[in-house]
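Thank you all for coming; I would like to take a few minutes to walk through one model. Please have it open while I talk.

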Amino acid sequence: MNFPSLGSRDFLKAIRPFAGLFVVLLLFALDGELRSLFFKGSNFKMILTQTVIVAIGAMGMTMVIVSGGIDLSAGSVVALCSVVTARLIEQGHGLAAVLTLAVLTGGLAGLANGGIITTVRMMPFIVTLGMMGIARGISKWLANNQTVNPESCCGADLCRCPGFSMESVSQFMAYEWSPTFFPLPDGVWLALGLAVVMAVVLRSTVFGRYVFAIGSNEDTARLCGIRVNLNKVAIYALAGAFFGLAGVMQFSRLTQGDPSVAIGLELQIIAAVVIGGASLSGGAGSIPGSVIGAFMMACLANGSGIKDWPNYMQEIIIGVVIILAVGMDKVEPFIQRLFKRPSSPN
Amino acid sequence: MKSWLLGAACAALVFVSGCGSQSGDSSGNGLSLVVIPKGTTHEFWKSIHAGAIKAKQELEAAGQPVKIIWKGPLKEDDRDEQIKVVENFIARGVDGIVLAPLDDKALVRPVETAGKADISVVIIDSGLQTDNYASFVATDNTLGGRMGGAHLGKLLGGKGSVLLLRYAVGSASTTKREQGFLDEMKENFPGIKVLSSDQYAGATRDLAYTASQNLLSRYGNEVNGIFCPNESVTVSMTKAVRDIGKAGGMVKIIGFDTSVQSLRDLKSGDVAGLVVQNPVKMGYLGVMTLVENLGGKAVDKRIDTGVALITSENMSEPDMQELLNPPLEKYLGTGN
């Protein structure tokens with residue numbers, strides 16, 4: 001796809017999440033208390049760390065939503081993979097094995113989603129709603145209904161054994177307080193790197209264009225010779241892998257596998273993707289937009305915290321932002337007409 | 001351009017909507033402390049809040065201005081949310097934190113991070129698996145369990161059969177109460193038989209009710225006394241006992257914590273006694289200890305806030321009344 005030219009409608013749409021974020025930051029800067037407390041390196045570092053899980057989940061979800069689907073199992077899969085991570089560490093697997101297997105678990109859940117959606121031809125909403133229960137149930141089963149706590153130091157000797165991965169996994173999201181922005185936790189770098197890779201994949205590869213084609217019009221895509229089912233399965237599996245990685249990050253953040261974690265996370269992820277300009281009817285959306293959407297929600301939450309706004313206010317604000325972000329689509333043509341009217345009579 | 005304008009309008013709206021509720025006070029030269037409960041809706045946490053405000057008022061009267069920020073996790077019982085709250089206040093640079101950790105493990109790292117940022121932390125209510133805090137101010141739950149056991153043993157005259165319905169797997173405070181109860185039975189009441197002590201009720205009242213019914217359908221005919229380790233189990237078990245027509249003192253029930261319903265049951269005689277904690281004192285001592293620690297004074301690593309046994313006989317005494325109906329309005333104002 002060619003890049004939209006400056007000033008065109010597509011361009012405006014593409015920069016909308018950035019503009020939204022900019023406006024939020026600008027308003028924060030107008031407030032004295034926020035200016036001094038919000039705009040600090042250490043604070044931004046923290047917001048970024050808090051964004052990682054939603055952002056990684058949003059990358060997977062963006063693909064699914066752009067292809068015209070939805071994945072409600074994201075939160076449960078994150079919980080499942082955080083428990084799997086904990087169990088694997090407990091069994092003494094190395095970092096590489098833990099990461100691979102946890103991500104694969106997520107991929108497997110996604111594969112099941114995609115497989116059922118395409119072969120049985122069921123609505124993604126229903127299938128992933130079912131998977132939401134299944135994955136949550138399995139994670140509670142695996143965890144024996146408790147949290148799984150791998151020892152952070154299994155005896156003085158074992159602690160030094162290179163295969164023991166608790167320390168390295170829990171280091172991903174270790175928010176170390178420092179007055180400066182750097183050093184950032186590894187999880188943040190990983191998320192940024194993945195965002196760049198996925199943005200390129202979705203924009204400039206054949207697979208990425210297929211995702212858009214399927215989401216825009218599935219029948220046309222099929223008539224054009226795109227193997228819709230195969231691609232759909234790949235999309236859900238890949239998204240599942242992202243939720244798996246988010247699960248590893250969730251483990252790292254809690255330093256424990258918690259089967260009841262991330263309840264409702266899928267809705268936060270969907271909100272981030274939607275704020276980022278995706279359309280739930282498919283065919284539109286971008287990775288940078290979704291990541292910015294996730295970051296914006298974290299900023300709003302952080303800002304509300306600093307301002308001592310009560311929790312309910314925070315929930316209301318984020319709700320309003322979601323509706324406004326999506327409502328923009330409908331309002332914009334209307335406003336454009338209003339602006340054009342004075343100049344059009346001649 | 002238009003989209004930008006719209007964006008501005010939307011954010012302005014958001015901003016204005018938020019501004020309405022802002023308190024507008026800035027931290028002057030006093031200490032700014034944050035109290036982080038596990039949740040904000042429960043009566044128990046309101047009492048903790050009242051205790052914290054009580055401490056603030058006394059400190060201010062003594063010439064030590066403090067600002068108390070009260071902030072619970074957005075979603076209750078969500079460890080990740082509570083971590084976020086702690087982190088946000090670390091980044092904000094408060095002087096000290098009073099924290100009731102949702103999990104004894106997951107909150108370790110944020111508390112250690114606070115230590116590195118030179119922020120004093122006092123843990124209240126539930127334990128934490130680290131030593132990096134100034135003090136742990138909480139109920140002695142084992143003692144509470146023993147107290148309940150002793151009262152039940154006395155009521156039964158040292159003989160008969162009792163049941164223990166545990167609360168939930170992995171809950172540290174209730175496990176200690178259950179252990180205290182069982183220890184007391186074993187050591188001081190060898191004539192009492194414990195029929196069952198390995199069943200768990202689960203986290204909600206509904207689950208607890210089902211578990212109680214199941215337990216009573218098996219042991220309902222032989223049981224003389226029941227110990228319930230928390231509020232939801234107490235209320236549900238009492239209801240189940242009432243269902244089988246053994247309420248009103250035929251089966252002696254000892255509960256833990258209070259609620260409107262369990263107090264009603266205590267008054268009507270369905271519940272023989274309730275072991276109660278002192279959350280106002282917990283909030284009060286949490287803040288006081290933190291301020292002492294910030295002032296450079298040595299504080300005890302473990303501070304007990306006490307438990308009391310309430311029965312239908314002593315529940316109208318003024319001491320007990322203060323525990324049962326803490327003067328929340330006095331500290332929190334009528335709006336809360």
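I will begin with chain B and finish with one helix of chain A.

A word on conventions: residues are numbered from 1 along each chain as its sequence is written, and chains are lettered from A and ligands numbered from 1 in the order in which they are written. This is a predicted model, in which local features need pLDDT of at least 70 and side-chain atom pairs count only at pLDDT 80 or more, while totals for chains, interfaces and linings use all residues.

Chain B contains twelve helices and twelve strands, these being DSSP runs numbered from the N terminus, with at least four residues of H or I for a helix and at least two of E for a strand. The C-alpha trace of chain B spans about 75 × 55 × 35 Å along its principal axes. Of its 336 residues, 51% count as buried, where buried means that 20 or more other C-beta atoms, placed from the backbone, lie within 10 Å of the residue's own.

The domain assignment, which is automatic or from a database, divides chain B into domain 1 (28-139 + 279-305) and domain 2 (141-276). Their centres, taken over C-alpha atoms, are separated by 32 Å, and four residues of domain 1 of chain B are in contact with four of domain 2 of chain B, contact meaning C-beta atoms, placed from the backbone, within 7 Å.

How are the strands of the open sheet in chain B ordered? The six run β2-β1-β3-β4-β5-β11, with parallel pairing, and two strands pair if DSSP finds at least two bridges between them. At the edges are β2 (66-70) and β11 (302-304) of chain B, each pairing on one side only. Neighbouring strands of this sheet are turned by 20 degrees against each other on average, direction ignored, with axes fitted to C-alpha atoms, for helices over the stretch in contact, and angles running from 0 to 180 degrees between N-to-C directions. Helix α3 (residues 79-92) of chain B packs on the sheet, where it touches β1 and β3 (96-99) of chain B, and its direction makes about 175 degrees with that of β1(B).

Turning to chain A, helix α10 (residues 206-216) has A:Tyr210, A:Val211, A:Ile214 and A:Gly215 buried. Because they cover an arc of only 130 degrees around the axis, they lie on the same side of α10(A), the arc being that of the directions from the helix axis to the C-beta atoms. These buried residues pack against α3 (41-66), α9 (186-204), α11 (218-223) and α12 (228-254) of chain A.

Methods:
Contact = placed C-beta atoms within 7 Å. Buried ≥ 20, exposed ≤ 12 C-beta atoms within 10 Å, placed from the backbone.
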